[in-house]
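Me: I have a chain loaded here and would like to talk through its charges, its surface and its fold. Can you take it step by step?

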Amino acid sequence: MKKFSHSRGTNGAENSWLSAGYEKLKAKYDEAREELLSVYQQREQMRSSELKSHQRAQEFEKENSNLNERLKRMKDEIEAQRDVISNLNAVIDERDMSISSLQYELRALSLQYTVTEQKRQELQRERDELVERILTVKQQQADMQNEILSTISKAHHEKIAKQIQDASEDAHPGGVLALGHSTCNRYHATGGADHIVKVWDISGHNVASFSEHTGTVTAVDFSPSSETLVSCSNDKSVLIWSLKTKRSLFRCTGHTDKVYAVRYIGQSKLVSASQDRTLKSWNAVRGVSDRTYMLQSTCYDLAPIDGSRFLSCHFNKYICEWDTRQNSTKPVRQLKTEHTEPVSAVVVSPERNRALTSSKDGSLQLVDLSSMSLLKAFSSSTRTTSACRPSFSLDGYHFAIGRPSGEVEIWNIESGTIVSTLSSGCHGGQVTVVSWGRSQLVSAGKDGKLIVWEDDSLSD
């Protein structure tokens with residue numbers, strides 16, 4: 001009994017020791033397990049960190065490769081720029097050499113210019129002295145010539161007056177109302193109150209007479225070829241004449257009242273104006289009217305601009321531009337003049353860029369045809385019931401106009417002044433029309449006389 005009891009006490013102690021050892025071992029195992037888990041975690045973290053580091057290393061390597069490529073390209077560009085800079089430096093060196101050469105040439109030219117300028121000044125002084133001497137001599141010669149010309153002009157005017165007095169019976173009894181020069185400058189034609197159209201040569205001889213009108217002849221005009229002549233009359237007709245056969249070609253009828261004006265606008269076309277307030281365009285080859293323009297105001301005169309355009313002047317103080325190429329029967333342009341009386345006459349300059357109008361108020365007005373505007377007015381205190389038709393000189397710098405006193409005035413257009421007055425007692429009454437040819441100015445008046453003024457009597 002005592003032995004048994006001793007054995008059970010020993011086993012209990014052993015079990016208690018074993019249990020304590022087990023707990024220690026378990027605690028160490030748990031601790032070792034935790035350490036192992038921690039090691040595994042650290043290893044995973046290191047692997048993850050290593051993977052990230054590897055990835056970053058790859059990125060850095062790629063970026064480094066790109067940078068190396070960019071660096072290489074930049075090096076290539078730098079080399080190319082160095083070549084360009086080298087070429088530019090070579091060009092600059094060449095330009096520098098050229099500039100140096102030009103500077104040497106400029107210095108040489110400057111010296112040469114200085115010498116030349118000194119010579120020029122010396123020559124200028126000598127020239128001025130010579131000019132002064134020449135002017136003195138010329139003035140002396142001019143004074144002598146003026147005295148001689150004054151004597152010759154006086155004798156010439158007296159001769160002309162005598163010739164006209166002798167030839168007055170060959171003009172138009174009752175007065176001359178129409179006058180015109182041929183384009184060939186060989187003839188001038190007249191028409192008057194005696195119902196007759198006459199053609200004169202440059203020496204003043206009557207070479208043809210046409211007497212088919214039954215009323216006062218109001219206008220005449222030569223064709224551009226100078227082969228035909230047209231006239232109009234108070235008898236309401238327009239007649240076309242052949243200068244070769246000295247007979248009428250056509251009697252153009254259609255106006256219902258007296259015809260004031262007729263003009264050629266080209267070789268084959270005519271235009272006429274009548275008291276019936278119409279303009280008519282005529283086929284000069286067939287003698288028939290091809291168009292009628294109705295007017296608001298009576299037209300007193302016509303002036304051709306070119307082969308299709310012409311001007312008309314009117315009772316209402318307007319001038320109008322017409323174009324026969326257009327289908328319209330209305331004027332292309334019109335301008336109200338500053339005349340205080342109806343516009344009785346209009347003429348176009350030789351350059352076809354200006355027109356001159358005259359009126360019963362005694363004034364004339366210059367019109368710019370490009371802008372259809374007034375350029376200048378030429379005033380006169382002379383008033384008349386029938387204004388004269390003026391005429392441009394062939395150079396376009398002067399115009400002539402007749403006055404009721406029987407004088408013919410020559411005006412300078414630029415200065416707006418009268419440069420010469422022709423009288424010599426030739427006209428015994430109002431000058432009604434003038435026409436300026438290449439070498440002669442012809443004037444005609446109510447006294448029926450036709451006067452031819454030569455160049456020396458027209459000189460300023």
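**Salt bridges and surroundings**

Reply: A good place to start in this predicted model is the pair Arg-82 and Glu-79, whose side chains meet in a salt bridge with an N to O distance of 2.9 Å. Both residues lie in helix 1, three residues apart, which is about one turn of the helix, and Glu-79 is partly exposed, since its relative accessible area is 41%.

Me: What lets side chains like that pair up in general?
Reply: Side chains of opposite charge can pair when their charged atoms come close.

Me: And what is going on between Glu-44 and Arg-47?
Reply: The side chains of Glu-44 and Arg-47 also meet in a salt bridge, here at 3.7 Å from N to O. The two residues both sit in helix 1 with a spacing of three residues, about one turn of the helix. Glu-44 is partly exposed with a relative accessible area of 43%, and Arg-47 counts as partly exposed at 46%.

Me: How many salt bridges turn up over the whole structure?
Reply: A search of the whole structure finds 12 salt bridges. One of the pairs is Arg-309 with Glu-321, whose side chains meet at 3.1 Å, N to O. Arg-309 lies in strand 14 (residues 309-314) and Glu-321 in strand 15 (residues 318-323), so this pair ties together parts that are 12 residues apart in sequence.

Me: Is Glu-321 buried or exposed?
Reply: Glu-321 is buried, because its relative accessible area is 3%, and the cut-off for calling a residue buried is under 20%. Its partner Arg-309, at 23% relative accessibility, counts as partly exposed.

Me: Which residues make up the network of salt bridges around there?
Reply: The network of salt bridges links Asp-306, Arg-309, Glu-321 and Arg-333.

Me: Staying with strands 14 and 15, what sits in the loop between them?
Reply: Lys-317 has its place in the loop between strand 14 and strand 15. The phi angle of Lys-317 is near 75°, a positive value in a residue other than glycine, and with 24% relative accessibility Lys-317 counts as partly exposed.

Me: What about His-195, where does that one lie?
Reply: His-195 lies in the loop between strand 2 (187-192) and strand 3 (197-201). Its phi is near 70°, which is again a positive value in a residue other than glycine, and its relative accessible area of 29% makes His-195 partly exposed.

Me: Switching to the surface, where does negative charge gather?
Reply: A patch of negative charge on the surface is formed by Asp-30, Glu-31, Glu-34 and Glu-35. Of these residues, Glu-35 is found in helix 1, which covers residues 2-167, and at 48% relative accessibility Glu-35 counts as partly exposed.

Me: And which residues make the nonpolar surface patch?
Reply: Leu-36, Leu-37, Val-39 and Tyr-40 make a nonpolar surface patch of about 360 Å². Val-39 is found in helix 1, and Val-39 is partly exposed, with a relative accessible area of 46%.

Me: How much surface does the chain expose?
Reply: The chain exposes about 27,600 Å², and carbon and sulfur atoms supply 51% of that area. Buried residues make up 37% of the 460 residues in the chain.

Me: Let's go to Val-433, buried or exposed?
Reply: Val-433 counts as buried, because its relative accessibility is 3%. This residue lies in strand 25 (residues 431-436).

Me: What is Val-433 in contact with?
Reply: Leaving aside neighbours within four places in sequence, Val-433 is in contact with Leu-177, Ala-178, Leu-179, Cys-388, Arg-389, Val-442, Ser-443 and Ala-444. For Arg-389, which is 44 residues from Val-433 along the chain, the C-alpha atoms of the two residues are separated by 4.9 Å.

Me: Zooming out, what does the secondary structure come to, and what share of contacts joins residues 24 or more positions apart?
Reply: The secondary structure of the chain comes to two helices and 27 strands. Among contacts with a separation of 6 or more, residues 24 or more positions apart account for 42%.

Terms used:
Residues are numbered from 1 along each chain as its sequence is written. This is a predicted model: local features need pLDDT of at least 70, side-chain atom pairs count only at pLDDT 80 or more; totals for chains, interfaces and linings use all residues. Side-chain values use heavy atoms; hydrogens and water are left out. Patches are made of residues with over 30% relative accessible area and no salt bridge: like charges are joined within 9 Å, nonpolar side chains (Val, Leu, Ile, Met, Phe, Trp, Tyr) within 5 Å. Accessible areas come from the Shrake-Rupley method with a 1.4 Å probe; for residues, only the protein chains shown count as cover. A salt bridge is a side-chain nitrogen of Lys or Arg within 4 Å of a carboxyl oxygen of Asp or Glu. Lys and Arg count as positive and Asp and Glu as negative; His and the chain ends are not counted. The place of a charge is taken as NZ of Lys, CZ of Arg, CG of Asp or CD of Glu. Helices (H or I, at least four residues) and strands (E, at least two) are DSSP runs, numbered from the N terminus. Buried means under 20% relative accessible area, exposed over 50%, partly exposed in between (1.4 Å probe, protein chains only). Contact means heavy atoms within 4.5 Å.
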